[in-house]
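Colleague: Got a minute to walk me through this model?
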Amino acid sequence: MEYEYKLYKPSWCPGCGNYMIRTALKQALEELKIEPHQVVITTGIGQAAKMPHYISINGFNGLHGRALPVAIGIKLANKKLKVIVESGDGDTYGEGGNHFIHTIRRNIDIAHFVHNNQIYGLTKGQASPTTAMGQKTTLQCEGVKVEPLQPLALALIMGAGFVARGFSGDIPHLVKLMKEAINYRGYALVDILQPCVVWNRVNTFSWYKERIYHLPEDYDYSNKEEALKKALEFGDKIPIGIIYKAEKESYEDRFQVIKEGPALVNRKLDPMDAKKLLEEFM
Ligand SMILES: Cc1ncc(C[n+]2csc(CCOP(=O)(O)OP(=O)(O)O)c2C)c(N)n1
Ligand SMILES: [Mg+2]
């Protein structure tokens with residue numbers, strides 16, 4: 001029997017973009033016929049990071065900014081699992097910025113869905129790394145005085161093989177992106193624009209809707225220079241879709257010991273095997 005993911009009542013605010021991301025995630029997993037024992041979601045801390053509490057899925061909350069290292073450990077131990085990381089813009093690009101950069105260098109087989117509401121939601125509206133320069137927040141009352149981080153361009157420059165942007169207000173399109181990212185072998189980033197209806201009164205649903213457009217059918221996502229231009233387009237017009245995609249060898253496949261044979265977690269380990277190694281020192 002095909003599995004239907006159950007949903008639990010969230011503590012998200014009414015109208016929050018997180019609901020649509022959860023709807024898209026449920027649909028993507030069900031359409032790909034992935035059952036709960038085949039998938040795990042790791043998150044950090046934040047409103048976005050509560051995702052595994054509200055859907056019947058294996059989940060692991062790491063520390064703030066630490067969703068990716070947990071995901072890497074899980075994937076290396078059990079390569080058969082589909083590993084998905086969900087977290088906020090602050091969690092991913094701020095506290096977890098270092099892990100973001102170095103996970104891309106590894107190209108480990110993870111689908112990474114960032115709920116980018118351009119604000120620290122859980123902690124009540126401080127600027128995140130993607131909040132626009134000049135935007136007033138509950139903390140930056142004179143406006144933000146640093147330039148925003150460009151996540152898609154950064155991912156591209158670091159060598160990510162799958163870079164996409166979605167919008168929580170366009171669920172069918174987001175489902176397609178999520179399915180492509182889950183099926184991609186390697187690190188796949190989907191930055192999802194997600195209005196925070198309480199703490200970010202600038203980047204609202206209508207603000208995004210006025211600016212967002214779908215990349216055209218004939219857009220060539222294998223052209224990295226074009227992709228970089230699209231990745232940097234964030235103003236009067238904001239493209240959504242797969243911005244860049246290329247095949248790359250994944251991290252796991254670079255290690256013969258992981259690539260061949262069963263998942264590490266399924267191998268029989270006899271502690272006495274270590275005896276041979278210890279004998280050297282006796
Ligand atoms: C190391 C550390 N620093 C700060 C915090 C406080 N904190 C918890 S969630 C959060 C912001 C989360 O923002 P984001 O990742 O964008 O998620 P959102 O709530 O917007 O979905 C902060 C600053 C923490 N828990 N740990
Ligand atoms: Mg946020």
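Modeller: Sure, we can go over the fold and then the ligand.

Colleague: Anything to know up front?

Modeller: It's a predicted model: local features need pLDDT of at least 70, side-chain atom pairs count only at pLDDT 80 or more, and totals for chains, interfaces and linings use all residues. Residues are numbered from 1 along each chain as its sequence is written, with chains lettered from A and ligands numbered from 1 in the order in which they are written.

Colleague: How many helices and strands are in the protein chain?

Modeller: Ten helices and eight strands, taken as DSSP runs numbered from the N terminus (helices are H or I, at least four residues; strands are E, at least two).

Colleague: What's the strand order in the sheet?

Modeller: E2-E1-E3-E4-E6-E5-E8-E7, an open sheet with mixed pairing; two strands pair if DSSP finds at least two bridges between them. Strand E2 (58–61) and strand E7 (212–214) are the edges, each pairing on one side only.

Colleague: How many bridges join E7 to E8?

Modeller: Three, and the two strands run parallel. Tyr-213 has Pro-239 in E8 as its bridge partner.

Colleague: Switching to ligand 1, how many residues surround it?

Modeller: 19, and the closest are Gly-46, Gly-88, Gly-90, Asp-91 and Gly-121. Near here means a C-beta atom, placed from the backbone, within 6 Å.

Colleague: Which element gives the most to that shell?

Modeller: H3, with four residues. Helix H3 (89–95) and strand E3 (82–88) each supply at least two.
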